[in-house]
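Reader: I am in my first year, and I would like to go through this structure slowly, asking how each word in its description is justified.

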Amino acid sequence: MQKLIVGNLKMNMENLSQRDTYGKDFLEEFKQMKTKNHVAVCPPMIYLEYFYKLLNKTGVSIGAQDCFWELYGSYTGNTSPKTIKSIGAQFVIVGHSERRQYNHETDEDVARKVLMALRVELMPVVCVGYNSGGEEIDNVKEQVEFIVKNFSQDEIENIIFAYEPVWAIGSGKTPTTDDVHTMIMYIRSIIAATHGKECAEGVGILYGGSVVAENVTDLCTKTYADGVLVGGASLSPRKFAQIVRMLN
Ligand code: PEP
């Protein structure tokens, strides 16, 4: 089955010259890339259009790292999912642990963003695993259940979850493949409890947290994840391309 490999470039490329260098190197890696999988990259919002135009013919999709929960209105500094979609993006990351931590985003905020993303046919990649205290499993349950309970079966089928244990993000540490597999099955069981087994089987669930070329095969294949969300390693087009090749 096709895997989804998403690069989260975070707040990198701090000026146009860095953006151009990254873009040139990325294009070099991906213009001839043959992959059976789906690759997407999520640059800072201000570079969305640049990357869309740059990668348009490579087959690499574009996503945003966040969106606002309204489509129109006076919301200074926010970006409408409608605008993101109009630029050519297919995905939007929602509820990343860094946004939950630094922007104090709640499950309710995340659900509102998911609703608006779906309304304009942007596919939300909902990150779960942020630990606000207590057991990780309870946090994941709460985060997944909130989405599952607030969306219909049809809507859930258009949402992707990314299980990202917060301690694994940017740390170089990863859970065991058994632990990732258990958590993916657990997330599916939460979806199945409300929407049935068939729906749960069809929902994409990614793993994210310190994925590199050396561990991606285990973390993605042995765990039955539907793909990976990559942060640090996607900051190097060469390393990101290696990850993509490993899953071919
Ligand atoms: C992330 O930021 O979503 C992430 C998974 O980062 P890293 O790959 O660096 O752990």
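Author: Let us begin with a definition: a residue is near a molecule or strand if one of its heavy atoms lies within 4 Å of it. The model is a predicted one, in which local features need pLDDT of at least 70 and side-chain atom pairs count only at pLDDT 80 or more, while totals for chains, interfaces and linings use all residues. Residues are numbered from 1 along each chain as its sequence is written, and side-chain values use heavy atoms, with hydrogens and water left out.

Reader: How many residues surround the ligand, and which are the closest?

Author: The ligand is surrounded by 14 residues, and the closest are Lys10, Glu164, Gly170, Ser210 and Gly232.

Reader: What makes the shell around the ligand four parts nonpolar, eight polar and two charged?

Author: The names decide it: Ala, Val, Leu, Ile, Met, Phe, Trp, Tyr, Cys and Pro count as nonpolar, Asp, Glu, Lys and Arg as charged, and the others, Gly among them, as polar. Sorted in that way, the shell residues divide into four nonpolar, eight polar and two charged.

Reader: What makes the approach of Glu164 to the ligand a polar contact?

Author: A polar contact is a pair of N or O atoms within 3.5 Å; within protein, one must be able to donate a hydrogen and the other to accept it, and residues adjacent in sequence count only if both atoms are side-chain atoms. An N or O atom in the side chain of Glu164 is 2.8 Å from an oxygen atom of the ligand, so the pair meets the limit. Backbone N or O atoms also lie beside ligand oxygens, at 2.6 Å for Gly170 and at 2.8 Å for Gly231. Taken alone the ligand exposes 290 Å², of which the protein buries 96%, where accessible areas come from the Shrake-Rupley method with a 1.4 Å probe and, for residues, only the protein chains shown count as cover.

Reader: How do you know that the length of helix H8 agrees with its number of residues?

Author: Helices (H or I, at least four residues) and strands (E, at least two) are DSSP runs, numbered from the N terminus, and the expected span of a helix is 1.5 Å times one less than its number of residues. Helix H8 has 19 residues, 177-195, and should therefore span 27 Å, which agrees with the 27 Å between its end C-alpha atoms.

Reader: Why are the buried residues of H8 said to line one face of the helix?

Author: Buried means under 20% relative accessible area, exposed over 50%, and partly exposed in between (1.4 Å probe, protein chains only). The buried residues of H8 are Val180, Met183, Ile184, Ile187, Arg188, Ile190, Ile191 and His195. Seen down the axis of H8, they fall within an arc of 150°, and so they line one face; the arc is that of the directions from the helix axis to the C-beta atoms. The face turned away from the buried side of H8 carries the exposed residues Asp178 and Ala193, and just after H8 comes Gly196, with a positive phi of about 95°.

Reader: What makes the phi of Met13 worth a remark, and is Met13 buried or exposed?

Author: Most residues other than glycine have a negative phi. Met13, which is not a glycine, has a positive phi near 65°, and this residue lies in the loop between strand S1 (4-8) and helix H1 (16-30). Its relative accessibility is 9%, so Met13 counts as buried.

Reader: Why does Tyr224 get the opposite word, "exposed"?

Author: Tyr224 has 58% relative accessibility, and therefore counts as exposed. Its place is in the loop between H10 and strand S8 (227-230), and although Tyr224 is not a glycine, its phi is positive, at about 60°.

Reader: Why is Ser80 called buried, and what does its side chain reach?

Author: Ser80 has a relative accessible area of 10%, and so is buried. Ser80 is found in the loop between strand S3 (61-64) and helix H3 (81-87), and its side chain reaches the backbone nitrogen of Lys82 at 2.9 Å.
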